[in-house]
Amino acid sequence: AGSASASTVRQVKLERESELRVEVANDTPLRLRLLTGTAEIFGTELPPEIWLNFPPRLKFAVFTWYGATIEMDGATELDYIADETPMVSYVNVHAILEGRRSRAKASSSNDYDSSQGPRVIVVGPTDSGKSTLSRMLLSWATKQGWKPTFVDLDIGQGSITIPGCIAATPIELPIDPVEGIPLDMPLVYFYGHTTPSNNVDLYKVLAKELARMLERQFTGNAESRAAGMVINTMGWIEGVGYELLLHAIDIFNANVILVLGQEKLWSMLKDVLKNKPNVDVVKLQKSGGVVSRNAKVRQKTRSYRIKEYFYGLVNDLSPHSNIANFSDLAVYRIGGGPQAPRSALPIGAEPAADPTRLVPVSINRDLLHVILAVSFAKEPDEIISSNVAGFIYITDVDIQRKKITYLGPSAGDLPSKYLIVGTLTWLET
Ligand code: ADP
C-alpha cells in the first residue's frame, strides 16, 4: 500500500540493543514499519509489518533488544543509529519495580503499607528524558498486566492534557507511539500558568489535592494500589523548583526516586532522604538521544498541544464554536489580587496577596484568546479543590450584546458555569 514513490522507501538494519533515532521533518509526516525482528518505541512494541504514520516534528527512537529491520518512507529532519543507550539500566529499574508490585499484590490488603506498590518519581533537569523514561516504565508495566497510574506534574510540557495543568490517569495499555497517552478519564487540575513561579502556593495546593484524590482512589482499589504510580516532574530543580520536588516526594509518598542525568541533584536528594529507609534514590544516565528544546521550541510545543486538544493530532477532531451570555458564566481567577483594599488596613500595613484567594473576573475583551478551564465545582468555594472537565478558548467577546463566543471540544452546554482563568493564552494559527 502507499502512494509514495519507491525511491523514498529505505531499510535500516538494527543490531541488538541499538536504536534508530528519528526527528520527523517539520512539515511532512513519516511512515515507518517493522519488517523483521522485534522493536519498541519508548516501551511499546511495534506491530510487525504495519505502517505507522508519525506526524511532523515528532522525535522518537526505535529500540531493539534482539535485532530488527525497519523500513522508513519519507524525508526526516534527522535519523541515525546509536548503539550506546541507557536502556539496559532502565529495564533493570523496571525489573525492580515489578518485584515491588508482585510483593504488594501478594501481601494482605489489610496491611496498608506493604500492599502499596512502587511510587516512582522521575526527576532531573529539562531535557533529560524524564517524560520518555516515565512512558517506558508505564508501558513495560502494562505489558505485564499492571495498570499503573501516571501522574504528570509538568505544567510546562505535560503529556496528559494541555499545558498549565497537573493531571493523573491510569495507564492500561502500552502507550501508543504516535497518539501518546489516551485522554479517556484523566483527573486534571488547572493551574493556569506554564511556570510554577506565578503562584507557588497554588501549585502546591493543587498537587496536594491531586495526591489526596489518588490516595482515596487507591484505598478502594487494591489492583491499582499494587501497580503504583509513575510521577513525571518539571525540569526546574534549583531553588523553589527543588523545594517543589521535595514537596511532591512528600505528598505523593514516593518511594523510588529516579534522578536523570544530574549527579548533584542525586546526592542532594540522597542526603535529604537518608533517614527514610524505604525510599530508594537511584541515579540514572540520560540518553544521548534526548533532544534539547529551547524556550521558543517549548512555547511552540505548548501551542501545538493546545491545538491538539481542540483539533486532534492530525486535525481529526472538529471543535464546536458556541455562544453564551455573559450572565451564563462565572469566571474566576485564583490568587494575585490583594486581599483587602489598602483603605481597610491599618496605617502602614501592606495588603497581602493571598495566593489561593478566589477572585471574580468580569468578562471583557481581555479574555480574548484566553484558555479557560471548566470546573467541576458546584459552588464557587469548591473551585480551588475541584478538578476540571475540560477547556474552552475565547474567540470573541461582544460587549454590546453581552455575548461570548468560544471554542469547545464539543457542542452543547458546558458541564458547569464556573470557569477558571490564568495566564494561559493561545493564538489559533
Ligand atoms: P524531559 O521530560 O526531561 O524534558 P523528554 O523525555 O520529553 O525530556 O525528551 C525530550 C525530547 O527528546 C522528546 O521529544 C523525546 O521524544 C525525545 N527523545 C527522548 N529520548 C530519545 C531517544 N532515545 N531518541 C530520540 N529522541 C528521544
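This tour visits the ligand site, the aromatic pairs and a few single residues of a predicted model.

**The ligand and its shell**

Begin by selecting the ligand together with the 18 residues around it. Glu19, Lys59, Ser131, Thr132 and Arg293 come nearest. By residue class, the shell divides into 6 nonpolar, 6 polar and 6 charged residues.

Three polar contacts merit individual inspection. Select threonine 132, where a polar side-chain atom lies 2.6 Å from an oxygen atom of the ligand. At aspartate 127 the contact is made from the backbone: an N or O atom there lies 3.1 Å from a ligand oxygen atom. At serine 287, a polar side-chain atom lies 3.4 Å from a nitrogen atom of the ligand. The ligand taken alone exposes 560 Å², and the protein buries 90% of that. To see which elements give two or more residues to this shell, colour β2 (18-24), β7 (59-64) and α2 (130-143).

**The aromatic pairs**

Turn next to the aromatic rings, for which the count comes to 10 pairs. Select phenylalanine 190 and phenylalanine 391, a tilted pair with 5.9 Å from centre to centre and 50° between the planes. Phenylalanine 190 belongs to strand β13 (residues 187-190) and phenylalanine 391 to strand β21 (residues 388-398), so the pair ties together parts that are 201 residues apart in sequence. Phenylalanine 190 is buried, with a relative accessible area of 3%; phenylalanine 391 is likewise buried, with a value of 3%.

Move one step along the chain to tyrosine 191, which pairs with tyrosine 203 in an edge-to-face arrangement, at 5.7 Å centre to centre and 90° between the planes. Tyrosine 191 lies in the loop between β13 and α3 (200-219), whereas tyrosine 203 lies in helix α3, so this pair ties together parts that are 12 residues apart in sequence. Tyrosine 191 is buried at a relative accessible area of 3%, and tyrosine 203 counts as buried at 4%.

Now extend the selection to Phe190, Tyr309, Phe310, Phe391, Tyr393 and Trp426, which form one aromatic cluster. The tilted pair described above, phenylalanine 190 with phenylalanine 391, is therefore to be viewed with its companions in that cluster.

**Charges over rings**

Two tryptophan rings each have a charged side chain above them. Select tryptophan 51 and arginine 31: the arginine lies over the face of the ring, at 4.1 Å from the ring centre. Then select tryptophan 266 and lysine 283, where the charged end of the lysine sits over the ring, 4.1 Å from its centre.

**A residue of helix α3**

Return to helix α3 and select leucine 214, which lies in it. Leucine 214 is buried, with a relative accessible area of 2%. For a view across the model, add proline 56: the two residues are 158 apart in sequence and 35 Å apart in space, C-alpha to C-alpha.

**Two positive phi angles**

Most residues other than glycine have a negative phi. Which phi value does glutamate 17 have? Its phi is near 55°, a positive value in a residue other than glycine. Glutamate 17 is placed in the loop between β1 (9-14) and β2 and counts as partly exposed at 33% relative accessibility.

End at histidine 369, whose phi is near 70° and thus also positive. Histidine 369 is found in the loop between β19 (358-361) and β20 (370-375). At 31% relative accessibility, histidine 369 counts as partly exposed.

Terms used: Residues are numbered from 1 along each chain as its sequence is written. This is a predicted model: local features need pLDDT of at least 70, side-chain atom pairs count only at pLDDT 80 or more; totals for chains, interfaces and linings use all residues. Side-chain values use heavy atoms; hydrogens and water are left out. Rings of Phe, Tyr and Trp (its six-membered ring) pair if their centres lie within 6.5 Å; planes under 30 degrees apart count as stacked, over 60 as edge-to-face and the rest as tilted. Helices (H or I, at least four residues) and strands (E, at least two) are DSSP runs, numbered from the N terminus. Buried means under 20% relative accessible area, exposed over 50%, partly exposed in between (1.4 Å probe, protein chains only). A charge sits over a ring if NZ of Lys or CZ of Arg is within 6 Å of the ring centre and within 35 degrees of the ring normal. A residue is near a molecule or strand if one of its heavy atoms lies within 4 Å of it. A polar contact is a pair of N or O atoms within 3.5 Å; within protein, one must be able to donate a hydrogen and the other to accept it, and residues adjacent in sequence count only if both atoms are side-chain atoms. Accessible areas come from the Shrake-Rupley method with a 1.4 Å probe; for residues, only the protein chains shown count as cover. Ala, Val, Leu, Ile, Met, Phe, Trp, Tyr, Cys and Pro count as nonpolar, Asp, Glu, Lys and Arg as charged, and the others, Gly among them, as polar.
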